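User: I am new to this structure and would like to learn how to read a few of its features. Could you take me through them step by step?

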Amino acid sequence: MALSLYVDTARWRAHQKSVTEQFPGLVPVCKGNGYGFGHERLADEVTRFGSDMLAVGTTYEAARMKDWFGGDLLVLTPFRRGEEPVPLPDRVIRSVSSVDGVHALVGARVVIECMSSMKRHGVAQEDLGRLQTAIDDVRLEGFALHLPLDRADGSDAVEEVIGWMDRLRSARLPLHTMFVSHLRAEELARLQQQFPQTRFRARIGTRLWLGDHEATEYRGAVLDVTRVSKGDRFGYRQQKTASDGWLVVVAGGTSHGVGLEAPKALHGMMPRAKGVARAGLATVNRNLSPFVWAGKQRWFAEPPHMQVSILFVPSDAQEPKVGDELVAHLRHTTTQFDRLVDR
């Protein structure tokens, strides 16, 4: 019995098709845990819909993906001098975010990142003059801009890209290809119309693989159910049960990513209030699990174990049975499933 990822394959692929049609020349992204699906599965999907390029996070991911995907592989993490060398084929393209990095990659295929308002990494405007000679020693595949998701200052993403296009053009740098991230389809179309000589390629991961939330569902199988009465002690720490009910052992623990949560940016008073409430409950060992039974998210009876979680289901709910599956609200990018089931 397992923690399973169920995929409505026809629906999932229909969503992929809609995204690839909205973004001509799209570069699919497969990094981390493969957005919850795994690298090999996403490589198969990209091959199926015919993309000539796949973006990965690191050189280590590229070394694995080269055996599963036959097209070009774009490494998104920028090259740094002194990094551990990883044997890679010529179809791997390196991202570079400095003039020094370009000089160090003589003969390589490179995409040069420009410093966007993300302020994460990239070549600055004042460095563009020095790029003119540096790019003579590499095979330039294009420039790239990684843009923010939110714009609290009301700025325009398209205008930011146009600004960089103008700077690159003024520096007399080639503008045959620009890779972009986090643009809407209509924004990409505006840019393509304004710069018809440049090919704009959107690098997309989350929207492509996880954009249709109804196409996938995690479920944990019930492994054991034990009836308990108020005051009974249980578990590693021998805590007491607060009321009558059942201790339910369900597949899915810390090794799967259950109980792990990435920090969230909270906007507005209500989300902040809920966050404070959750933190307060956690101080008295009350933690809501991601597992749903009888229409409600159920509480952890104790912190999740490596491969299973123990939930408390009160006696006023229906008794779970061994073999039942509980829907689990889990984040794809932090979850490792036992099995994937195509439906």
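User: How many residues line the second largest pocket, and which of them lie nearest its centre?

Analyst: Please keep in mind that this is a predicted model. As a general idea, rolling a probe the size of a water molecule over the atoms shows where empty space is left. In this case the second largest pocket has a lining of 16 residues, and those that lie nearest its centre are L210, H213, L330, R331 and H332. The space in this second largest pocket comes to about 390 Å³.

User: Which elements give two or more residues to the lining of the second largest pocket?

Analyst: Two or more residues each come from helix 8 (206-210), strand 10 (216-228) and strand 17 (325-328). Sorted by class, the lining of the second largest pocket holds seven nonpolar, six polar and three charged residues.

User: What volume does the largest cavity have, and which residues line the largest cavity?

Analyst: The structure holds one cavity of 30 Å³ or more, and the volume of the largest cavity is about 40 Å³. Its lining is formed by E113, S116, M118, R120, H121 and H146, which by class gives one nonpolar, three polar and two charged residues.

User: At what angle do the axes of helix 1 and helix 2 cross?

Analyst: In general, two packed helices are described by the angle between their axes and the distance between the axes. Here the axes of helix 1 (residues 9-22) and helix 2 (residues 39-49) cross at roughly 55° and come within 12 Å, and helix 1 and helix 2 are therefore oblique to each other. The crossing in which helix 1 passes helix 2 is right-handed. On the side of helix 1 the residues that meet helix 2 are T9, W12, R13, Q16 and T20, while helix 2 offers R41, L42, E45, R48 and F49. By class, this contact of helix 1 with helix 2 has three nonpolar, three polar and four charged residues.

User: How far apart are the axes of helix 6 and helix 7, and at what angle do these helices pack?

Analyst: The axes of helix 6 (residues 157-170) and helix 7 (residues 185-194) are 10 Å apart, and the two pack at an angle of about 30°. Because angles under 35 degrees count as roughly parallel, helix 6 and helix 7 are described as roughly parallel to each other. Helix 6, too, passes helix 7 in a right-handed crossing. Their contact is made by A157, V158, E159, V161 and I162 of helix 6 together with E187, R190, L191 and Q194 of helix 7; by class, the contact of helix 6 with helix 7 has five nonpolar, one polar and three charged residues.

Terms used: Residues numbered from 1 in each chain as written. Predicted model: local features only at pLDDT ≥ 70, side-chain atom pairs only at ≥ 80, totals over all residues. Heavy atoms only, no water. Axes fitted to C-alpha atoms, helices over the stretch in contact; angles between N-to-C directions. Helix = DSSP H or I, 4+ residues; strand = E, 2+ residues; numbered from the N terminus. Parallel < 35°, antiparallel > 145°, perpendicular 65-115°, else oblique. Left-handed = near helix turned anticlockwise from the far one by under 90°. Contact = heavy atoms within 4.5 Å. Nonpolar A, V, L, I, M, F, W, Y, C, P; charged D, E, K, R; others polar. 1 Å grid on protein atoms, 1.4 Å probe; cavity = no way out; pocket = protein on both sides within 12 Å on 5 of 7 lines; lining within 4 Å. Points joined across faces, edges and corners; volume = space filled by probe spheres on them.
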